[in-house]
Amino acid sequence: MKQVVQNYKSGELALLEVPEPACKAGGVLVRTVYSLISTGTEMMKVSEASLSLVGKARARPDQVAKVVQSVATNGLSATYRKVTSKLDSYTPLGYSLCGIVEQVGDGITDVAVGDLVACAGNEHALHAELNWVPKNLYSRVPAGVDPRHAAFGTVGSIAMQGVRRGEPQIGDVALVIGLGLIGQLVVQLLVSSGVRVFGVDPDPERCKLAESLGALVCSHPGSGVVDTAVDELTHGAGVDQTYLAAGGNTNDPVELAAKLSRDRGRVIDIGKCKLDLPWNAYYEKELDVRFSRSYGPGRYDPSYELEGRDYPIGQVRWTERRNLECVIDLIDRDRLDVEPLITHVSDFSEAVETYKSLNDGELKAVAVLFRYPDAVAKTEPVVTSARVGLIEHKAAPKPAGQPVRLGFIGAGNYASSMLLPHLAEREDVQLTHVATTSALSGANARRKFGFAEASTDIDNVLGDDSIDAVFVVTRHSSHAELTRQALLAGKTVFVEKPLALSETELQKVLDAIEESGNDRLQVGFNRRFAPLLHEARGQFGPRVGPATVRYLVNAGRLDHGSWYNQTATEGSRFAGEGGHFIDTVSWLLDADPTSVYATGGTDLQVTLGYGDGSTAVITYAESGSSGFPKETLDVTADGKVLKFDDFVRASVFSRKKWASSRIPKGRDKGQAAEVDAFLEAVRTGGPMPISIASLAATTLATLAAQTSVANSAPVRIELPRKAGAPA
């Protein structure tokens, strides 16, 4: 079999042919499906191996001390031979993987051949095709958990043990220093525990990632942004815990921890960080400094790890194995999301090249996985999309180089002007079939955009197994039913807004998702993808407190012959279009509305309430002047104001004002980026750009506006069970 090894003397990395391990009593033989590179610990070892002998000595003073002791005990000559022999030997890499049990040793009864297991240990969960893993270092993976995600079990346990050492309580405030792989997991675990989290890291992309995973504010440690945010949230008291998940030789992390900690706060060291504690700062606050030892109790104890002697649960609640089981359970229940952390997946045959790319800085990554193709082929298709209720859809990525095959149901004015032009010229897309109400419109679409086939029968689209995704761009009244049929046919679906014109229609769509297990759905809420709005949101930055939003939609009057006026069949104008604006606000606030109160008639004023106290007022006006911009938007929070003028100009007023350049031609409302995001999800099998829960919440809020007007009362938004996460 093949295994990744490194020569610590020369720094050489190799994919070496080695004998297969035997299956011994007290453990199982596991064929690796995915193994995870620890971009912190492993890359530190790889980097150290490339140093000179003097550099290695400086990097590992603990080992130098052992050498000095050996010289005193065994003499210089014997010590030299021992050290050079050890340096010139191959050592393994890796300690976190997911694989299939291939053989069960004597004494093992909790797993069977063919079971999927997550494995831990720097001697037992190696980057190798086969590993022997003792009983206390594996955990069975529930059916439906993505093997890629289960490969995070060990690093998740490291993060979990760090959080346990911090002893967080609901309502605490925490700071995570270092937002690499471990830091990102710590952020999520703290958020899941009811803790408000701040983070610092020099990499702005890692800061954005942590914020997307639940952190309140993340920034460069020297920017002062987090300092201010912590001060505002805690009224100057400081954070309850600081988690050191950073590496390197700088003492800045421990100094920042002292600065931002409250009196008698806790500082937990998880990573290999310089700890030259500033005595006065730590003494004056009487800070409690704690260390977190790897995956948890049992680590470095041979009787536990090798002999399988467990610790009584009444004495040691959380051991290595129980931490591992807990991480897998959190992943299974969607309480820990590792998918956004996966930067790159390489075939195991490319392991050496992957390490070199990481070490040289060519590949910048949070998490990198090795894929073992022969073993992957034995597992079920990868589960990559979000759950809907208690079911989840398994979406396999498209083979490399194969175009995404699309079918269209409808090819009217919007599809022909806003969607198809972005698809027709793409080499990675094949327009396979268009079905329209009239034969002529289908013929026109085929001629203009290059569809291979055109017809008037939607079954030609839904029944074509070669079609990967279907666009539903028909009149509003048919959206829900066509979406339902397409989901049941196993297609990934892009439906123009609205998703549904009634709660009954929405429920039928959700029922189809539950029945089919297919939640691959996107609604055409394009404004959240608009480049200028993205830039403005980035300039505004994360917020700590609640926000106030004002959104004026100067819709104007409809032409007399517009089909939008056919309210009996096509619903109200706001029911058809209002979801655009509600989704935009929800995206800006990174939350879904919990209440709706609407007043008015032709001009509608819709007030949205959000769980964190934020409010948004959307004024949907038909009586305004056509000379005034159609959409103007203000967001106010944390002493900052974002002003957005009709996709032409944007400004942010804070400590420093930012203003965009005026866009001279056209308005990019995000259709191209929206299509790109949809195709990326289809191609990779990754999560859809907007969750089902958010799509359902936006649809319900849009429909609730009319209910609120009719009843002159607020309407509370309660998601159907099938649209939310499992209880």
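The following paragraphs lead through a predicted model of a protein chain, from its confidence scores to its salt bridges, two buried residues and one pair of packed helices.

The confidence of the prediction comes first. The chain has an average pLDDT of 88, and 88% of the residues score at least 70. A stretch that calls for caution is residues 380–394, over which the pLDDT is below 50. In the model this stretch nevertheless has 55 contacts beyond near neighbours in sequence. Where pLDDT is low, the predicted coordinates should not be read in detail.

Charged side chains are the next topic. Side chains of opposite charge can pair when their charged atoms come close. With a cut-off of 4 Å between a side-chain nitrogen of Lys or Arg and a carboxyl oxygen of Asp or Glu, the model contains 33 salt bridges.

One of these salt bridges pairs K2 with E17, whose closest N and O atoms are 2.9 Å apart. The two residues belong to distant parts of the chain: K2 sits in strand β1 (residues 2–7) and E17 in strand β2 (residues 13–17), with their positions 15 residues apart in the numbering. K2 is partly exposed, because its relative accessible area is 33%, whereas E17 is classed as exposed because its value is 53%.

A second salt bridge joins R321 to D110, with an N to O distance of 2.5 Å. This pair also links distant parts of the chain, the two residues being 211 residues apart. R321 is part of helix α13 (residues 320–332), while D110 lies in the loop between β5 (96–104) and β6 (116–120). How accessible are the two partners, R321 and D110? R321 has a relative accessible area of 12% and is therefore buried; D110, at 32%, is partly exposed.

The salt bridge between R299 and E305 spans 3.1 Å from N to O, and here both partners are buried. Elsewhere, R426, D428, D676, E680 and R683 form one network through salt bridges that share partners.

Attention now turns to two buried positions within helices. V187 is located in helix α7 (residues 181–192). Its relative accessibility is 0%, so V187 counts as buried. Setting aside residues up to four places away in sequence, V187 touches V176, L179, V197, A210, L213 and A215. For V187 and A215, the separation is 28 residues along the sequence and 6.5 Å in space, taken from C-alpha to C-alpha.

T702 occupies a place in helix α25 (residues 692–711). This residue too is buried, because the relative accessible area of T702 is 4%. Beyond neighbours within four places in sequence, T702 is in contact with F574, A575, G578, G579 and I582.

The last feature is a pair of helices. Two packed helices are described by the angle between their axes and the distance between the axes. For helix α19 (residues 479–488) and helix α20 (residues 503–516), the axes come within 9 Å and cross at roughly 0°. The two helices, α19 and α20, are therefore roughly parallel to each other. Which residues of α19 and α20 meet? From α19 they are A480, T483, R484, L487 and L488, and from α20 they are E505, K508, V509, A512, I513, E515 and S516. In character, the residues of this contact between α19 and α20 divide into six nonpolar, two polar and four charged.

Notes
Residues are numbered from 1 along each chain as its sequence is written. This is a predicted model: local features need pLDDT of at least 70, side-chain atom pairs count only at pLDDT 80 or more; totals for chains, interfaces and linings use all residues. Side-chain values use heavy atoms; hydrogens and water are left out. Helices (H or I, at least four residues) and strands (E, at least two) are DSSP runs, numbered from the N terminus. Buried means under 20% relative accessible area, exposed over 50%, partly exposed in between (1.4 Å probe, protein chains only). Contact means heavy atoms within 4.5 Å. Axes are lines fitted to C-alpha atoms, for helices over the stretch in contact, and angles run from 0 to 180 degrees between N-to-C directions. Angles under 35 degrees count as roughly parallel, over 145 as roughly antiparallel, 65 to 115 as roughly perpendicular and the rest as oblique. Ala, Val, Leu, Ile, Met, Phe, Trp, Tyr, Cys and Pro count as nonpolar, Asp, Glu, Lys and Arg as charged, and the others, Gly among them, as polar. pLDDT is the predictor's confidence in each residue, from 0 to 100.
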